[in-house]
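Grab a pencil and open the sequence and the 3D view. Let's work through a few exercises together, one small step at a time.

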Amino acid sequence: MKIDRKWIVMAALLAFVLAPACAKKEPEVIPPPPPVTEKAPLTDVEPDTAPAGPVDPVEKKPEMSLQEAQASFEGQGLLGDVFYDFDKYDLRADARERLAKNADFMKSAEGSAYTFTIEGHCDERGTNEYNIALGQSRSTTAMDYIASLGVSRGRFKTISYGEERPFCNDSNEGCWQKNRRARFVITGRS
Amino acid sequence: MHRSTINTARRTATFLLLLGWGLLPLGWATGLAAQEPPTDGQQSSGLEGGVDPTIVVDERGRVQVRMAFPAAKIDAGLTGDYLEAAREIEQTLRDDLDQTIVFNTQGPTELAVLALTGERSQDFDQYKSLGNQVVLLASIAVEGDRLVLDGWAYDLPSKQSILGKRFRGTLGQARLVAHYMADALHYQFTARPGLSLTTIAFQSDRDDGHQELYLMDYDGHNQRRISAHKSTSGYSDWSPAGDALAYMSYWAGPPGLYYVELASGKKRPIYREGTLTLSPSFAPDGQRLAFGHSRESNVDIYVCDRVCTDPKRLTRSQAIDTNPAWSPDGRQLAFTSSRSGRPNIYVMDLDGSNVRRISFEGDYNEGASWKPDGSQIAYASRRGSRFRIAVTNLVDLETKLLTEGPASYEEPCFSPDGGRILFSLRRGKESQIYVMNADGSDWRQLTHEGNSSGADWSSFKQK
């Protein structure tokens, strides 16, 4: 029995040492296509590591959650959305005014504690794919203007959601105007 | 009109092609369970060489075959699931033939006026008396656990056999068996594959509200999900080999491009630098990819090779340039640009030079799809408050509208034979995928669940 145990340990060690080397020497074999069942494979092998999203530093316990901060600053009129004309991404006069206020807030003692994502949104008219590109241009013009007012670009990210995330779900101009916006979202602490 | 015949070389090619299919693993491409090739496409015994069928080619060069297709002979011993599957095979074959412009088929209903005797020569004369050039006789039986479909086509004037094929498949492969027979017939009469074995990729929010990738057979059957990213994913483009898709996903945050290999379901990133990458389009050789891409800027058109580490920028306008579509000859890209103030369709050479606008009607033109012969581009063209499917002829820039109605019609995509066009029909936020003939006739709704859009038709090569 002693011998058995010794052999087992030896074998295990050998296997441990040799396995990786053996595995490396194996020629790459492309597996044959597996039989596909009627149901498509739903368990994705996801793409390799995703870039990490914004992470809250947790050394100091924050007084407000980011969502609470967002709601509070929006409620005080310190931070607000920027609206666009149909099919357009250039800044209207009201958009420049709004962006100036947003910039002031971002430079203030309170606002400088945060980083932001500017989301570009579109109304449901227009094609899905073009609207994703258009939303990107909307968030970009907003970011460029804010940066021109002296806010560091390092504190922003942009993303376009096209017409995928409407704020208002009716099909009329009042609603569409609300959906054609660049939204400033607090996504981290600087 | 002129008469034409199919030559011996064509018949030989048909046979070799079918022989080739029999050797390939087929199950994965169609999503049907298959441990072994489901169909073998062998020449049925008793076929003595055959004759050249009498074929009429119309003024547009299209083959038109008037074919009698009486009720298939279903083995009297079949019951239960097998009988049901046999009926599905027959119905699917009828639907397949009905959906190509090649065959003008008379079925049991039209043929009921005939007083058939069971004597072949006399019956053939009767089929011919209704204007048919060809008759298709089909029989369905069971061999072990597999269904067997035999099909024989005869030239009615000469009463000689043209084609004899046998395809076998399991219960779950009933539709596939029929699709193979339809494709064999299509090839016999046109020397080109038909659409019955092609696949359509699309996106839908039907399962949990997120847009995910799906596949369906060309006729809308067998719809199956192939992604579970739980974030907007879609706008896919088939690899020319038909074994993979490139698509966009918000899966990792900023929208980027991914690749899914359909046999394994494995996915990997293609390109996701910058803030936004979207609308992939494979080059016809499958070695390069064009797409829209933004680095904190307006979207521009980029091209990269398979590795895609260093995409090359092709457009440098101040406007939005996006949604590229590689021309079938691989030499040009069609794309959408707002450089005129509104989105319009442009075509450029691969080095970004020789840019010319091809859409001049409507106030918003977007989403180019090349006809596979390179002669036309289809796109969505807004007229008033809604989109219609427009087709512009690239020789004289003549534009035709193909759709009319109370909805918005967007995202056209040509079938690989150029005969059909997929599109999305939108009413407000609701969207479903339809298919029509390339002249705007014969609409069929392909999706019904949730919202579906972004349809892309595979090539023929995926078998």
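Below are five exercises, each with a worked solution.

This is a predicted model, where local features need pLDDT of at least 70, side-chain atom pairs count only at pLDDT 80 or more, and totals for chains, interfaces and linings use all residues. Residues are numbered from 1 along each chain as its sequence is written, while chains are lettered from A and ligands numbered from 1 in the order in which they are written.

**Exercise 1. Work out which pattern of helices and strands chain A follows along the sequence.**

Step 1: get the terms straight. Helices (H or I, at least four residues) and strands (E, at least two) are DSSP runs, numbered from the N terminus.
Step 2: tally them up. Chain A has five helices and four strands.
Step 3: read along the sequence. The pattern for chain A is α-α-β-α-β-α-β-α-β.

**Exercise 2. Decide whether strand β3 of chain A is largely enclosed or not, and find its link to β2(A).**

Step 1: you need a cut-off. A residue is buried if 20 or more other C-beta atoms lie within 10 Å of its own, exposed if 12 or fewer, and partly exposed in between, with C-beta atoms placed from the backbone.
Step 2: apply it. In β3(A) (residues 156-162), six of the seven residues are buried, so the strand is largely enclosed by the rest of the structure.
Step 3: look for a partner. Two strands pair if DSSP finds at least two bridges between them. Strand β2(A) (residues 114-121) pairs with β3(A) in the parallel sense, over six bridges. One example: Gly120(A) has Ser160(A) in β3(A) as its bridge partner.
Step 4: trace the link. From β2(A) the chain passes through helix α4(A) (residues 128-148) to β3(A), a right-handed β-α-β crossover. Right-handed means that, with the strands pointing away from the viewer, the path from the first strand over the helix to the second runs clockwise.

**Exercise 3. Check the length of helix α3 of chain A, then find where its buried residues sit.**

Step 1: the expected span of a helix is 1.5 Å times one less than its number of residues. For the 15 residues of α3(A) (residues 93-107) that gives 21 Å, and the end C-alpha atoms are 21 Å apart, which agrees.
Step 2: list the buried residues. They are Ala95(A), Arg98(A), Leu99(A), Asn102(A), Phe105(A) and Met106(A).
Step 3: look down the axis. The buried residues of α3(A) fall within an arc of 115 degrees, so they line one face of the helix. The arc is that of the directions from the helix axis to the C-beta atoms.

**Exercise 4. Is Arg183(A) buried or exposed, and what does Arg183(A) touch?**

Step 1: find Arg183(A) in strand β4(A) (residues 181-189).
Step 2: count neighbours. Arg183(A) has 22 other C-beta atoms within 10 Å, so this residue is buried.
Step 3: leave out residues up to four places away in sequence, and Arg183(A) touches Asp81(A), Glu119(A) and His121(A). Contact here means C-beta atoms, placed from the backbone, within 7 Å.

**Exercise 5. Find which strands stand at the edges of the open sheet in chain B, and look at a loop there.**

Step 1: write down the order. It's β29-β30-β31-β32 in chain B, with antiparallel pairing.
Step 2: pick the edges. β29(B) (408-414) and β32(B) (444-445) each have a single partner strand, so one side of each is left without a neighbour in the sheet.
Step 3: visit the loop between β31(B) and β32(B), where Asp442(B) lies. Asp442(B) has a positive phi of about 55 degrees, although it is not a glycine. With 12 C-beta neighbours inside 10 Å, Asp442(B) counts as exposed.

Technical notes
Two residues are in contact if their C-beta atoms, placed from the backbone, lie within 7 Å.
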